[in-house]
Every structure is written in structure tokens, then in C-alpha cells.
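Okay, thanks for making room for me this morning. I'd like to walk you through one model, starting at the ligand and then moving outward.

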Amino acid sequence: MHGWGEQAESLLSAIEDYVRDRLRMDPPTLDGPIEPADLAARAGRTITTDGIGEQAALRVFGEVLAPATISTDHPRNLAFIPSAATEASLLFDLVVAASSIYGGSWLEGAGAVHAENEVLAWLAGLSRYPESAGGVVVPGGTQGNLAALVTARQWARHQRAERGLPEPRRWVIATSEESHSSIWHVARVMDVDVLSVEVPAEGAGAGRLTGPLLEAAVRERLPHTDEVFAVAAAGGTTNYGIVDALDSIADVTQRNGWWLHVDGAYGGAGLLCPELWEVFAGIERSDSWIVDPHKWLFAPYDACALIYREPRLARAAHVQHASYLEVLNESPHFNPSDYAVHLSRRARGLPLWFSVAVHGTDAYTAAVRQTMAVTAYAADAVRARPHLALIREPMLSVVVFERVGWEQADYDAWSQGLLAAGTAFVTPTRHRGRTVTRLAIVNPRTTPADIDTVLDSLPACG
Ligand SMILES: *Cc1c(COP(=O)(O)O)cnc(C)c1O
């Protein structure tokens, strides 16, 4: 099982062939799920006492299991937030695996930690954080939000204790009603409350949390404003791609001494385009922010870059103590484990590092810009069709629209039909209680023709 031999040699060439064939597919087949019983029957029993062998296991994966998974990088996969990793990042993921790296500490993973930190510093620079900023790459936005908000509460507790103040009855995170579900989940995990702030449905500020809205909600709805320890602002909502008015929110958080965390899991990649800086103005005043490279930064799952203005505050919240860890904790070096809710970790920032190192940051800006151009095309194409109606002007790369007159069942049938035919993956969503649909455009290979294919599949009225 271990050790390099003939078996490993033949497996390597089989895997090389598989990877080459998969990466050369242009486009890949969309694929999709099948019923559990069908899948079980087709796959057969694979976990056996003697093993089924590499040929058989690889065959089951290639012929049965992989086709039952949607190719996230298909150019007409526009559902949720898809993912389209660069070849460089995908292939380097294989290198990371082959290198058996422990990415939790400097002692064990210095080379990997150095490279991850360089790519994190680049991202921190996009938000104009000071050079002392830093963080860690965690598996996803949910975990990034958790680690940041745990840090925020620890900091609030510490400040309270310093001033001899008691803890509030309940701790509260304030956020827009349009924020990602993970904020509510994190609050449940932390056993804290969420103040969900309503945002305007229509008009220029539609969907955007602002400082005044935040302040009014806290004043009117909380008995004690000091229960708030953090504001989780959206750096691109998942449903619409709306960035909250960060500058005006930062006025309020600074005045009140609240932590400002920006959830840019999807949208943070927009910082690569100077033409979008205005939208993000104020992020430089936040205390932490996240971006998922597996969303709009062309890296494979699973990766969320979590960045703190002052990493030492995160370390105070997250460092683990044990007799066998003191050799790490007493070292002056940077240990990624100390900055989130984890200990052992894969050096999952390396695929992004390698790809950015290979292509340069300008290529990343160009790729994000390309998706923004296709988004503008899609919004125009929706407007040009009388039976479709745009719900909101896209701020980033999500286009939300409706097929006039359709109900939930119509969207469901359309969505399922497109997937079953292998044409596209587009799912319904809800806007103010109504079913609508959306296109999330994060794949630079998605073309205007792909958009037309999807929109043309929506029948005209009559
Ligand atoms: C996707 C997303 C998350 C959650 O990220 P995961 O990587 O799926 O855990 C959080 N916030 C926003 C805004 C997102 O788009």
C-alpha cells in the first residue's frame, strides 16, 4: 500500500491520463445527480475486505461517480456561486498533495506558510490594510466568518474586562437582512444573537446596508447598544452581489467601538478591478474580511482567505494550548493554526499562490473584468427581451431577473430541464417573496453566446 513500486507507477500513469482527459474537455460535460438507488446500483460495492484494485476503483470514479457530479467549471453553470479554477491552480493542487505538507505551523511547513502569506499579503494590500495585516486560508467562507467573529467577541470581552465592565446579557452581531446564511449559522454556533437590519427594497440604495440604517436599528431594537460586538457587512451578497455602504458603516462601528467584518466570500474578488474600488470604499477601515478563492478567484475548493488588520487579536482568540504544542507556541514564528478554528491544516492556499505567481496579478484583474463584461451583456440581454424583467442592476457579477408571469413550478421545471439536457445549471431564487432566477458569472470562459443559450431557453409569453 505504501512505497513506490510497479503498482504506484501504473496508477500514476492512469491518473495522469484521467487528469489530462478531464482538463482537455472544452467544455466539460455538465453532468448531474442521479437517484441514490440508481447510483448505488451502478457503482456496486466498492468497499470490500480485499479491495477492488486501482483499475476498478478508478473506473467506478470515472464512469459512475464523476458523471454524477456537476462540473462546477462548465461555462453554463451559473447557479449559486460556481467555481472555475485555472489549470495552474488545479494541477498544483496535485503537487500539494504529493508533497505531504503540514500547513499548520512554521516549524513544519515554513515554505508553504511563506508562500500562502505572500498571497494573503497581496489580498490584504487590495483592501489597503497596513503591512502588519495577515491571516490564514481556511476551508470556506462559513469558517472564515466564524473565526473572524469569534475573534471580534474575544476582543470585545477583553476590552470589557480591562475596563472592569460586566459582560452584556447577550452578545449581538448586527448585519443586513440580505447577508449570507452563514452569519446566522455562526451566531448559532457562538450562541449569540443576530440583529437583522432591514434594507430598502427599491431605489438606488436597494439591498444596501448603510451606517444610518444600522444605527437606527440598533437604537430602536436593542435595549443596550453595548450588546453589539460586531457588524458583519456584505462585500457582495450571494443573491444579488450587493456591497453594503462600507464607509458609512465604518463611521458607525468606529464611533461605537464595534468590530467591522466584511464578508466578501463571493464579492471580495471585485477588489481586483480599480473601477470597482468605489463600491468597496471603506473596506480599508474594517477589522477583518474574507474572500473565497474557490468562488471568483479561480482556485479549487476549498479555500477562504481570512484577513485580519491586527492578526495578534485573532491569535489571542484562537491559539490552542497543550503541553505538546508549547514548542510551537513559544516560537516567534507565524503559525497559521493560531488564527482560526482549526489545528491540522492542508496548505490550501498554495494552488492560488502558484497560479497567481505563474500568471501575475494583471491576468487576475483581466479575468474578473471579463466576467463583469459578460455580466453587463447579460443584463442588457435581459432588458432586450420583453418577457424578462431585471430585478436589480448588477453591482458585481450576479444578474437577478424574472420570466414575467412565471410561478415557482415554472422555474423548477425549466431549471430541471436545462440540467437534464446537459445545457446549463441555473436555479431559482426568491426576491421579496417572489420566485425569480439568477445568473452568477464567475467563469471567464462563460461567453455572451452562453448567456443567450440560457435566456433563449425561457419561452416568450403567449
Ligand atoms: C458562499 C458565501 C459564504 C459561505 O462560504 P462557504 O465557502 O460556502 O462556506 C459566505 N458569505 C458569502 C457572501 C458567500 O457568498
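**Around the ligand, then outward**

So, starting with the ligand: one of its oxygen atoms sits 2.8 Å from an N or O atom in the side chain of Thr142. Before I go further, keep in mind that this is a predicted model.

Right beside Thr142 in the numbering is Gly141, and there the partner is the backbone: a polar backbone atom of Gly141 is 2.7 Å from an oxygen atom of the ligand. Then there's His294, which brings a polar side-chain atom to 3.1 Å from a ligand oxygen. And how much of the ligand does the protein bury? On its own the ligand exposes 380 Å², and 84% of that is buried by the protein.

Okay, who else is in there? The shell has 14 residues, and the ones that come nearest are Gly141, Thr142, Asp263, Asp292 and Lys295. If you sort the shell by class, you get nine polar residues, three charged and two nonpolar. For those of you thinking about setting up a pocket, here's where the shell comes from in terms of helices. H6, residues 141-162, and H11, residues 293-296, each give at least two residues to the shell. H6 has the largest share, with three residues.

Let's stay on H6 for a moment and look at its packing. How is H6 placed relative to H12? The angle between H6 and H12, which is residues 311-318, is about 90°, and their axes are 8 Å apart. So the two helices, H6 and H12, are roughly perpendicular. On the H6 side the contact uses Ala147, Val150, Thr151, Gln154 and Trp155, and on the H12 side they meet Leu313, Ala314, Ala316, Ala317 and His318. Class-wise, that contact has seven nonpolar residues, three polar ones and no charged ones.

There's another helix pair I wanted to show you: H8, residues 211-221, against H9, residues 246-256. Here the axes are 7 Å apart and the angle is about 45°, so H8 and H9 count as oblique to each other. From H8 you have Gly211, Pro212, Leu214 and Glu215, meeting Ser248, Ile249, Val252, Arg255 and Asn256 from H9. This contact does include charged residues: two of them, alongside four nonpolar and three polar.

Last topic, backbone geometry. As background, most peptide bonds are trans, and most residues other than glycine have a negative phi. With that in mind, have a look at the loop between H1 (6-24) and H2 (36-43), which is where Pro27 sits. The peptide bond from Asp26 to Pro27 is cis, with omega near 0°. Asp31 is in the loop between H1 and H2 too, and Asp31 has a positive phi of about 60° even though it isn't a glycine.

And where's the other cis bond I want to mention? That one joins Tyr301 and Asp302, with omega at about -5°. Asp302 belongs to the loop between H11 and strand E7, residues 304-308. That takes us back to H11, one of the helices supplying at least two residues of the ligand shell.

That's my tour, so over to you for questions.

Definitions and conventions: Residues numbered from 1 in each chain as written. Predicted model: local features only at pLDDT ≥ 70, side-chain atom pairs only at ≥ 80, totals over all residues. Heavy atoms only, no water. Near = heavy atom within 4 Å. Polar contact = N/O pair within 3.5 Å; in protein donor to acceptor, adjacent residues only side chain to side chain. Areas by Shrake-Rupley, 256 points an atom, 1.4 Å probe, with all protein chains shown as cover. Helix = DSSP H or I, 4+ residues; strand = E, 2+ residues; numbered from the N terminus. Nonpolar A, V, L, I, M, F, W, Y, C, P; charged D, E, K, R; others polar. Axes fitted to C-alpha atoms, helices over the stretch in contact; angles between N-to-C directions. Parallel < 35°, antiparallel > 145°, perpendicular 65-115°, else oblique. Contact = heavy atoms within 4.5 Å.
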